[in-house]
Structures are given as structure tokens and as C-alpha cells.
2 protein chains.
Amino acid sequence: MINSRLAVAIHIMVLVASSPGAPLSSELMAGSVNTNPVVIRRISGMLRKAGLITSRAGITGSELTRDPADISLLDIFKAVEPKDELFAMHEKPNPNCPVGQNIQSTLDVTFHRAQTAMEKELANQSLKDIMNHLFK
Amino acid sequence: MINSRLAVAIHIMVLVASSPGAPLSSELMAGSVNTNPVVIRRISGMLRKAGLITSRAGITGSELTRDPADISLLDIFKAVEPKDELFAMHEKPNPNCPVGQNIQSTLDVTFHRAQTAMEKELANQSLKDIMNHLFK
DNA sequence: CCATTTGTCATTATTTTAGTTACCACTTCA
DNA sequence: TGAAGTGGTAACTAAAATAATGACAAATGG
């Protein structure tokens with residue numbers, strides 16, 4: 001199972017998008033997510049480094065850098081997921097075995113297809129879509 | 001990132017499919033995968049419980065229960081992944097917050113779409129496809 | 001100057017994953 | 001029938017990932 005950072009990050013993005021002009025502190029957002037403010041600041045930091053939001057020390061809250069319709073869930077996923085590969089592979093299969101020798105390159109192709117399919121679906125959903133569903 | 005059980009399970013399935021009539025012991029398979037025999041037996045047990053292979057105490061090796069062309073990677077994935085949900089979610093978001101109150105049901109839909117896209121791609125690839133690529 | 005907030009580091013706790021030891025049950029075969 | 005070899009499985013350990021938390025410097029605004 002994949003970690004919950006994407007869920008928390010989307011939650012944060014919705015909060016930021018929902019309160020323009022009246023920014024929420026990390027403590028307030030932590031109250032909504034139900035976690036520690038540092039967790040919020042840490043994930044906000046990833047979103048900021050990915051260019052999705054702005055925030056500065058000393059100033060309460062964050063702001064989106066672009067319209068929610070122009071932010072895909074894949075953008076958010078990439079921001080909070082440092083690993084390129086979705087599936088892990090076993091290390092060092094036996095090179096003296098015909099299967100062990102070639103399994104990695106085969107699985108590379110296979111896993112990449114599955115990952116791409118998933119990412120394509122995330123790319124098709126925007127932050128605005130999430131908000132529409134949420135506030136409907 | 002998702003654990004490496006799918007990779008190991010596929011490796012095992014290829015080994016089993018590649019040696020009909022001359023079954024490989026868990027120790028031999030462990031040599032190819034480069035892990036401990038118990039890890040092989042543990043994952044083989046999951047594959048057996050899912051009905052993909054047969055194996056019995058005291059008898060060396062395993063056998064497929066059906067043709068490699070009729071075994072999809074999704075079958076294997078489901079066999080070794082006990083969790084239904086691909087993405088984790090944060091627990092207990094604040095029900096007193098309009099966002100926290102509804103985020104889970106929204107993310108359920110979203111995550112389910114992404115997961116389904118991935119699983120569909122895994123369903124489209126068979127063990128035979130893997131072997132064709134591997135032994136080409 | 002003072003109170004507040006973010007950014008970030010360091011630490012701890014928890015959970016997951018993988019590796020290993022041990023032992024029982026089963027099969028085969030001498 | 002008994003020894004040798006094998007899988008099934010529980011229990012334990014080790015390692016890694018994840019999440020939570022405490023602490024504090026730097027920045028901001030009053």
C-alpha cells in the first residue's frame with residue numbers, strides 16, 4: 001500500500017484553495033487533517049518546492065500558484081512522492097539463472113505500464129474536480 | 001512505493017512454469033530470487049491459497065493450476081497483496097470541518113479510479129506475456 | 001521588542017517488510 | 001520402518017519506511 005501523503009497533500013490543497021484571502025495556519029490545517037502541524041508544514045514544503053503553492057516563514061498560510069483546474073492530482077502525487085518507481089523489485093536476482101538474469105528488465109516494462117496507467121488517471125483529475133465533488 | 005512481493009511472486013511463477021516435470025525446491029528458487037527459502041515458501045503459500053499453484057508438504061516444488069496464458073498479473077497481484085486499497089488515507093479527519101468531513105468519501109472515488117486503471121493494465125498482461133518477453 | 005508563524009532538524013514511536021531460525025508433518029525410498 | 005529431504009508455518013529478529021513530536025532559528029507584523 002502506498003503511504004498517505006497524497007491524501008494529506010490533497011486535503012491541504014483543498015484547504016488552501018478554499019480560503020483565499022484568509023490563509024489558514026499550519027495549526028488550523030492540522031486540526032482539519034487531524035495530525036501534527038509539523039506534518040502539515042513538511043508536506044506543504046514539498047508542495048512549495050514543486051511550485052504548487054507559495055508560503056514564507058513568518059507569514060500565515062499558503063496560496064495556490066495557479067487555478068485549481070490547472071492542478072492535477074498527478075502534480076500533487078509527484079510533489080509528495082520522491083520515488084520514481086511505484087513497484088519495488090527484489091535486489092540482485094541470480095545472474096547465473098536464465099530467469100534471474102532477465103527478470104528485472106522484463107518487470108521494468110511491465111511495472112512501468114501499470115504505473116503509467118495509474119498516473120494517467122491521476123492526471124485526468126484536477127484539484128477543481130475534487131473540490132466540486134467535495135462541496136457538491 | 002509498493003512492496004516487492006509482486007516481483008518475487010512473478011519470478012516464482014515463471015520458475016514454476018518453466019520447469020514442468022522437474023519441479024524446483026524452495027531452496028533452488030531462493031537461489032534464483034536471491035532470498036531465503038522461507039520467503040519463497042511464504043509467497044508460494046499465498047499463490048497456492050489463491051489457487052494459482054499446487055504444492056504439498058513433503059513433495060518438491062509446485063505446479064501451475066492452469067495455462068500461463070490464463071494467469072494475469074492481476075491474479076498474482078491480488079494473491080500477494082492482502083490490502084484492498086492501493087492508497088492509504090489519513091485517519092479521522094476533523095468531522096467539524098467541511099473539508100475534513102467529506103474528504104474521505106471524495107478520495108475514495110478518486111483513489112479507486114486510479115487503482116482500477118492500474119489493475120486493468122495488470123489484468124491485460126499474462127504470465128505467458130512475461131515469459132515471452134523474458135525468453136525472447 | 002514581542003508574539004506568532006513557517007522552515008527545518010533531530011528524535012522517537014509505530015508499522016511494514018524482509019530475513020532467519022526452528023520445528024512439525026508429510027513423502028519417498030532404502 | 002526409519003532416515004533423509006521437503007514444504008507449511010509459527011516465532012523471532014533486523015531493517016526500512018512512515019508518521020508524530022519536540023525544539024529552535026529566522027522571518028513577519030504590530
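Mentor: A salt bridge is a side-chain nitrogen of Lys or Arg within 4 Å of a carboxyl oxygen of Asp or Glu. Keep that in mind for this structure, which is a predicted model.

Trainee: What makes A:Glu119 and A:Lys78 a salt bridge?

Mentor: Their side chains meet at 3.4 Å, N to O. The limit is 4 Å, so the pair qualifies. A:Glu119 belongs to helix H5 of chain A and A:Lys78 to helix H4 of chain A, so the salt bridge ties together parts that are 41 residues apart in sequence.

Trainee: How many salt bridges are there over all chains?

Mentor: A search of the whole structure finds six. Between chain A and chain B the count is zero.

Trainee: What, then, is counted between chain A and chain B in polar contact?

Mentor: There are 18 residue pairs in polar contact, both residues at pLDDT 80 or more. By class, the side of chain A that touches chain B has 30 nonpolar, 15 polar and seven charged residues.

Trainee: Which helix gives the largest share of that side of chain A?

Mentor: H5(A), with 17 residues.

Trainee: How is the size of an interface often given?

Mentor: As the accessible area lost when the parts come together. Here chain A and chain B bury about 4400 Å² between them, and 70% of that is on carbon and sulfur atoms. The contact takes 52 residues from chain A and 52 residues from chain B.

Trainee: How do you know that the span of helix H5 of chain B agrees with its number of residues?

Mentor: At 1.5 Å a residue, its 26 residues should span 38 Å, and the end C-alpha atoms are 38 Å apart, so the two agree. H5(A) also has 26 residues and reaches 38 Å from its first C-alpha to its last, close to the 38 Å expected.

Trainee: Where is the kink in H5(B) centred?

Mentor: On B:Gln104, with an angle of about 35°. In H5(A) there is a kink of about 35° centred on A:Gln104.

Terms used
Residues are numbered from 1 along each chain as its sequence is written. Chains are lettered from A and ligands numbered from 1 in the order in which they are written. Side-chain values use heavy atoms; hydrogens and water are left out. Contact means heavy atoms within 4.5 Å. Buried area is the accessible area (1.4 Å probe) that two parts lose on being put together, summed over both. A polar contact is a pair of N or O atoms within 3.5 Å; within protein, one must be able to donate a hydrogen and the other to accept it, and residues adjacent in sequence count only if both atoms are side-chain atoms. Helices (H or I, at least four residues) and strands (E, at least two) are DSSP runs, numbered from the N terminus. Ala, Val, Leu, Ile, Met, Phe, Trp, Tyr, Cys and Pro count as nonpolar, Asp, Glu, Lys and Arg as charged, and the others, Gly among them, as polar. The expected span of a helix is 1.5 Å times one less than its number of residues. The bend at a residue is the angle between axes fitted to the seven residues ending there and the seven starting there.
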